[in-house]
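Visitor: Hi, have you got a few minutes to walk me through this one? I'd like to hear about the pockets and cavities.
Guide: Happy to, let's bring it up.

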Amino acid sequence: MSHAASVHSLWTLAAAPPREIPAPHIEYAQLAPTLIVLGVAVLGILVEAFLPRRARYHAQLLLSVVGLAAAFAAVVALAAGGHAGEKAQIAAMGAIAVDGPALFLQGTILLVSLIAVFTFAERRLDPAAHGNRVDSFAAQGSAVPGGEAEQAAVKAGFTTTEVFPLALFAVGGMLVFPAANDLLTLFVALEVFSLPLYVLCALARRQRLLSQESAVKYFLLGAFSSAFLLFGVALLYGYAGTVTYSGIAEVVSGTTRTVDPALASTMGNDALLLIGGALVLMGLLFKVGAVPFHMWTPDVYQGAPTPVTGFMAAATKVAGFGALLRLLYVVLPGMRWDWRPVMWGVAIVTMLLGAIVAVTQTDVKRLLAYSSIAHAGFILAGVIAASPDGVSSVLFYLAAYSFVTLGAFSVVTLVRDAGGEATHLSKWAGLGRRSPLVAAVFAVFLLAFAGIPLTSGFAGKFAVFKAAAQGGAGTLVIVGVLSSAIAAFFYIRVIVLMFFSEPKADGPTVAVPSTLTSTAIAVGVAVTVVLGVAPQYFLDLAGQAGTFVR
């Protein structure tokens, strides 16, 4: 072909009408909560870059609180506008569901995060270093622990104010996670909220090596679980020819109409569906800390700075269970007979192991970590119910549990000795004589964890077990009640230790917090008592929010 002819053929190609790329249609109002949080997080990074060091802390705190409050207001506005009910829809080109469960969980995550930001900002607990008030986070995250750079940073009064934008990015990912309506959005949201948490875990001011070890463990195991999830997504795509939840559900139930010829050979291959579904479930069960994917929980909870532990323990559970519910109820309801026996086993092992191993713990943070594993088992009982009651009971339990957890970890930050927080249980002996109020508040949280009547824990457990029993999982309820009894033993043991032991002469002191931590603890107590004494309104709210858009 001559040179002229080849040029000519190029000309004819170029002259073909340009193919138009359709612009995506994004419902900004329905996605407002997430967009506000991510927008404020980006602003926070600009604050870090442009404001002088002295002004950053107050600017970041103000930005975070205003941003989270505005996002919560947006969630309430959407719910009031009927988006939780008859106006529920799939937004953002099929990527995100705006429906009752999504809005309820997003509201819970935002409230919890707002309270958690108060604990992040606390600066009254540590003794002032070189005349500067300090918080729970390392003076300079990049400095080698104990090295010259760190000592210089402490002397200069540096503080890591990046923790606020990091927390906001994590919250942004958590808001998308339970609302994701296709598997790729689910994976991206998982990464967006996991990566900031890996960093936050490594930033403790005291015991920095333990903190960095916990972050590395979390990072390695988290990367493994993300890989499992992504592999599962690939297999489910091979099975259904689509990554959208509704598309996969159609292929599972056999009502799909169009078949891509390229995928016709693998579509409907049950092996792909079972293995892919199992791998995606593994990724989600890792995030909520269910046995056998729980090994990271005690180490990370113990090593991370306590405000971060409280934030993770409360918010990540809510996001993880939200995503788990949507996966099982929207994508795989046609496979109920396949996933229920497996989840039965996971729930039973999780409840028993969490309760039994917690009895042997001597560190308050590890004890709360194992108790959170046991609670993951209780919540799974509600997930297994596979009924509308199951969904609403899980939503209620998550809301109740997250505030109790946050409150409990906020109390842990107050009990201190010369080395920082005194988390060894022996140090807590006689705390009720030293400072009755703090011990009484912690006792309220422990009773709520144990599920004693008139606390939110009882209302939540009752709702979850009732749903499970009605869903035909009676055995599960019996195991649940047994593990609750075992768990009650070590919660009550801590209460006895605080109130009926002699305080040691060299025991820890209880630091007097600023209004920030006091607010966090007060909100925790208030929610615990209100949800325990008058749960009906909130149970109804969770019931109304319990239908997924398909």
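## Pockets, cavities and a small sheet

Guide: Keep in mind that this is a predicted model. Let me start with a pocket: the second largest one has a volume of about 350 Å³.

Visitor: Which residues are closest to the centre of that second largest pocket?

Guide: They are R206, Q207, T306, K365 and E421, out of 22 residues that line the second largest pocket. Two or more lining residues come from each of α11 (296-303), β3 (415-417) and β4 (420-421).

Visitor: And how does the lining of the second largest pocket split by class?

Guide: Nine of its residues are charged, eight are polar and five are nonpolar.

Visitor: OK, what volume does the largest pocket have?

Guide: About 580 Å³. Its lining has 24 residues, and F72, F104, T108, F538 and L541 lie nearest the centre.

Visitor: What's the class split for the lining of the largest pocket?

Guide: There you get 17 nonpolar residues, six polar and one charged.

Visitor: Which helix gives the largest share of that lining?

Guide: That's α4, with six residues. Helices that supply at least two lining residues include α3 (53-80), α4 (100-120) and α15 (388-412), and also α20 (515-533) and α21 (536-544).

Visitor: Back to T108 for a second. Buried or exposed?

Guide: T108 is buried, because its relative accessible area is 7%, and the cut-off for buried is under 20%. This threonine lies in helix α4. Leaving aside residues up to four places away in sequence, T108 touches V318, A399 and S402.

Visitor: Changing topic: you mentioned β3 and β4. What order do the strands of the open sheet have?

Guide: The order is β4-β3-β5, three strands with antiparallel pairing. β4 and β5 (509-510) are at the edges with a single partner strand each, so one side of each has no neighbour in the sheet.

Visitor: How many bridges join β3 to β4?

Guide: Two, and the strands run antiparallel. One pairing to look at is R416, whose bridge partner in β4 is E421. You've met E421 already, among the residues closest to the centre of the second largest pocket.

Visitor: Now the cavities. How many are there of 30 Å³ or more?

Guide: Four. The largest cavity holds about 70 Å³ of space, and among the residues that line it are T119, E122, T306, F409 and T517. The lining is made up of seven polar residues, four nonpolar and one charged. Both α12 (306-331) and α15 supply at least two of them.

Visitor: What about the second largest cavity, which element gives the most to its lining?

Guide: β2, with three residues. That cavity has a volume of about 60 Å³, and its lining has seven nonpolar residues, three polar and no charged ones. α2 (32-50), β2 (96-98) and α4 each give at least two residues.

Visitor: One last residue: where is Q361 found?

Guide: Q361 is in the loop between α13 (336-358) and α14 (364-384). This glutamine counts as buried, because its relative accessibility is 11%, under the 20% cut-off.

Visitor: And what does Q361 touch?

Guide: Not counting residues up to four places away in sequence, Q361 touches R366, L367, Y370, L425 and R493. With R366 there is a side-chain polar contact of 3.3 Å. L425 is 64 residues from Q361 along the chain, and their C-alpha atoms are separated by 8.6 Å.

Visitor: Great, thanks for the tour!

Notes:
Residues numbered from 1 in each chain as written. Predicted model: local features only at pLDDT ≥ 70, side-chain atom pairs only at ≥ 80, totals over all residues. Heavy atoms only, no water. 1 Å grid on protein atoms, 1.4 Å probe; cavity = no way out; pocket = protein on both sides within 12 Å on 5 of 7 lines; lining within 4 Å. Points joined across faces, edges and corners; volume = space filled by probe spheres on them. Helix = DSSP H or I, 4+ residues; strand = E, 2+ residues; numbered from the N terminus. Nonpolar A, V, L, I, M, F, W, Y, C, P; charged D, E, K, R; others polar. Buried < 20%, exposed > 50% of the residue type's maximum accessible area, 1.4 Å probe, protein only. Contact = heavy atoms within 4.5 Å. Polar contact = N/O pair within 3.5 Å; in protein donor to acceptor, adjacent residues only side chain to side chain. Pairing = 2+ DSSP bridges.
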